[in-house]
Amino acid sequence: MTIAERIVAPCAPSKYARTGFCKALTIALLVSTPLALNAKVDDSLVYEPVAPTIDQARANILIARQLQFTHFRDLGISDELSGDVFDAYLEYLDGQRIYLTQEDLNKFNRVRTQLGAALKTGQLQPGFDIYNLVQQRIIERLQFALNLINGGIDKLDFGTDETILLDRSEASWETNREALDALWVKRIKNAVLAQRLNGTDDETIEDNLLRRYEGQLKRAYQARSEDAFQAYMNAFTGMWDPHTSYFSPRTSENFNINMSLSLEGIGAVLQSDNEFTKVVRLVPGGPASKQGQLQPADRIVSVAQGDEKPVNVIGWRLDEVVDLIRGPRNSVVTLEVIPANASDETITKAIAIKRDEVKLEEQSASKDVIELERSGTDYTVGVITIPTFYADFQAMQAGDPNYKSTTRDVRNLITELEEDGVDGLVIDLRNNGGGALHEANDLVGLFIDKGPTVQIRNANNDVQVLNDEDPSVAYDGPLVVLTNRMSASASEIFAGAIQDYGRGLVVGSQTFGKGTVQAVRPLNHGQLKITQSKFYRVSGGSTQHKGVIPDIEIPSRIDKSRIGEDALDHALPWDQIEAVPHERYFDFSGIIDELRKRHEERFSASPEFSLLQQEIDFLNEQREMDSVSLNFDNRKTQHEQIERTRLTIANARRELRGEEPFASLEDLEDWQDQQAADLDTTDDELDFVIREGGHIMADMLELDRQMVSIVSPRQFAAQAPTQ
């Protein structure tokens, strides 16, 4: 009997059967369940347990081998890893601990340390048994919720002093079914309260909740073998690092689920996040990015086509959510999302986005000029915004001498700005998630004479050094690079190199920390995306995990605890290798303290920065809330306070722009809807950050006039090379 055949007959003769492993496992998970797996849960629907296939078993064996022998991280499959896989798998299936009880967990004790041994040889049944039990528990919970709602939400008591925990990922499992029933009553009360406070009547609330839970129940009954396999494999591959993952055959067709380029959609990269679909990042130049309301870490609750009723997508498979969001160009899709900064998952907002196709020219680098009036001197500052590191490979391969690329476009923009007589240059890499590695390498070359730009180390400790071999310099003046938490990968390589060479200052917030390289390898069934190497700066430090730390920091609204490499489980750590010889064009240590002092003085005096800090403080307060009241009066008071703060911040921003304040929160929301309908609307809200970058550049010139031309023979002679 083959290994794959043993998957279908898990208790057939094998080393696991001989030790009693397989038989004990099946008994532990199935016999003691309150409902038999084929028992009817209503008059029409029956849950059919999913089972592994021979192709999946073979793919599992290939995945296990590649992880152990070709991944950058040297990690064996041990009993300890087995327990970690078990925990990660349960986190994926029941991350909020709302379906399983401690009684269920107790049945898993003997399985916990044996999953690794089974995964080595393609024994998938243990993982599938766990999956089937969780699906059954999901069905039971959803039925409980539907029965409660059908009984009438008017019977729920909102006069008690109860509270509900907002994030249960670290909470204790409820002890038994009765305790879980009590938790679900609280969940329903919380959902009802949130909608009542938004002005929704009880009849509509009941309809909304029934449609939500009926939709989830339908998806639970439609579970497929591939759902279980992909979840199980990703719990397994995630032990090596968060960027190593298994793609099912269908997911492989939409690698990274990038709804842009040749696909008409909204221009967003999505991923599964427990029962939700989460926004990872927005594609520069895409409809969602232009519209401006959808944000990274938002979770999608429902999708509506045009004026049709929304379809609840909680619990849906990622590929099916993507299919629902895609659609004809110029059509409108409305996403109901839980905002990333929401204090409660029952707080949602609707975002209408007009579908379109992301064109290369809309992702291109662009330029602007700002004038700074300072005491005694006026400065003209050039600004180049780079949304992504791109190259038109098709045109390049076709021999088109005018093919588009980041480096070629930036070189031309620099020429145009120098013709305008700019005194300095700001490169804006905020929200730039990376792209073509060779473009990052070439772009560094526009600002240095020649030399190394980045090091790449593989699992065998072999180090490859990418170099700029072109001695020409496109721009030799003072330089500021703007970054934020969404600046990643190639952006971090460029910013890190500019910092290491002393070629300019990095200003903004700590970058994402994505310093690993992945390869996609075909399997007999789907694909494996596996981490094979890491990026290192020319100074030797990795960009992985830590990212690039700015020389001068500007606070950001982005929640670093939820977005960034160091917020991901099992992320590869920061480390360091030997530096490679490189020039140091300018030593900022003599002026950096004064630069920071001047920046902080402007910060404290600037109404824009004051408003930004006020908004950050407000968001942090919301994030720190770990529970909410289920008492109507208490919850209403809290809700009204939050809404007043939102309106106050929005009006303060409008006053800064010389615009009339909103009379009410309804006016604000109506205005946001109007903005959403117009993709040509631009938001200059963050221009003050660019202007501050220009002021820092002007400070640099005032403190050291040699910076007028940093790259010059005089500077080469004055600065000793860094080894």
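Gly116 belongs to helix H7, which spans residues 115–120. In this predicted model, Gly116 counts as buried, at 3% relative accessibility. The C-alpha atom of Gly116 stands 9.6 Å from that of Ala64, and the two residues are 52 residues apart along the chain.

**The open sheet and strand E14**

Six strands form an open sheet in the order E9-E10-E11-E14-E15-E18, and their pairing is mixed. Strand E9 (366–374) and E18 occupy the edges; each has a single partner strand, so one side of each is left without a neighbour in the sheet.

Within this sheet, strand E14 covers residues 479–483 and pairs with strand E11 (residues 424–428) in the parallel sense, over four bridges. Two of the contacts can be named by residue: Asp428 has Leu482 of E14 as its bridge partner, and Ile427 has Val481 of E14. Strand E15 (residues 505–508) also pairs with E14 in the parallel sense, again over four bridges. Here Val481 stands opposite Val506 in E15. Val481 is thus named both as the bridge partner of Ile427 and as the residue opposite Val506.

How many of the residues of E14 are buried? Five of its five residues are buried, and the strand is described as mostly covered. In a regular strand the side chains alternate between the two faces of the sheet. In E14, Leu479, Val481 and Thr483 point one way, while Val480 and Leu482 point the other way, and all are buried.

**Salt bridges**

The structure holds 37 salt bridges. Three of them are set out below, each with its N to O distance.

| Pair | N to O distance |
|---|---|
| Arg196 and Asp202 | 2.9 Å |
| Asp699 and Arg374 | 2.4 Å |
| Arg623 and Asp559 | 3.7 Å |

In the pair formed by Arg196 and Asp202, Arg196 is partly exposed, with a relative accessible area of 23%. Asp202 likewise counts as partly exposed, at 27% relative accessibility.

The side chains of Asp699 and Arg374 also meet in a salt bridge. Asp699 lies in helix H23 (residues 687–703) and Arg374 in strand E9, so the pair ties together parts that are 325 residues apart in sequence. Arg374 therefore places this contact on a strand at the edge of the six-stranded sheet. Asp699 counts as buried, at 0% relative accessibility, and Arg374 is buried as well, with a relative accessible area of 16%.

Arg623 forms a salt bridge with Asp559. Arg623 is located in helix H20 (residues 607–624) and Asp559 in the loop between E18 and H19, so this pair ties together parts that are 64 residues apart in sequence. Arg623 counts as partly exposed, at 24% relative accessibility, whereas Asp559 is buried, with a relative accessible area of 14%.

Which residues are joined into one network by salt bridges that share partners? The network consists of Arg374, Glu594, Arg598, Arg602, Glu692, Asp699 and Glu702. The bridge between Asp699 and Arg374 thus has both of its residues in this network.

**A surface patch of negative charge**

Glu91, Asp167, Glu170 and Asp569 gather on the surface in a patch of negative charge. Asp569 is found in the loop between strand E18 (552–553) and helix H19 (592–605). The loop between E18 and H19 also holds Asp559, the partner of Arg623. Asp569 is partly exposed, with a relative accessible area of 48%.

**Positive phi angles outside glycine**

Ala297 has a positive phi of about 80° although it is not a glycine. Ala297 lies in the loop between helix H13 (287–291) and strand E5 (299–305), and at 6% relative accessibility it counts as buried.

His545, also not a glycine, has a positive phi of about 75°. His545 lies in the loop between strand E17 (527–536) and E18. Is His545 buried or partly exposed? His545 is partly exposed, with a relative accessible area of 26%.

Notes. Residues numbered from 1 in each chain as written. Predicted model: local features only at pLDDT ≥ 70, side-chain atom pairs only at ≥ 80, totals over all residues. Heavy atoms only, no water. Patch = residues over 30% accessible without salt bridge, like charges linked within 9 Å, V, L, I, M, F, W, Y side chains within 5 Å. Areas by Shrake-Rupley, 256 points an atom, 1.4 Å probe, with all protein chains shown as cover. Salt bridge = Lys/Arg side-chain N within 4 Å of Asp/Glu carboxyl O. Lys, Arg positive; Asp, Glu negative; His and termini not counted. Charge placed at Lys NZ, Arg CZ, Asp CG, Glu CD. Buried < 20%, exposed > 50% of the residue type's maximum accessible area, 1.4 Å probe, protein only. Pairing = 2+ DSSP bridges.
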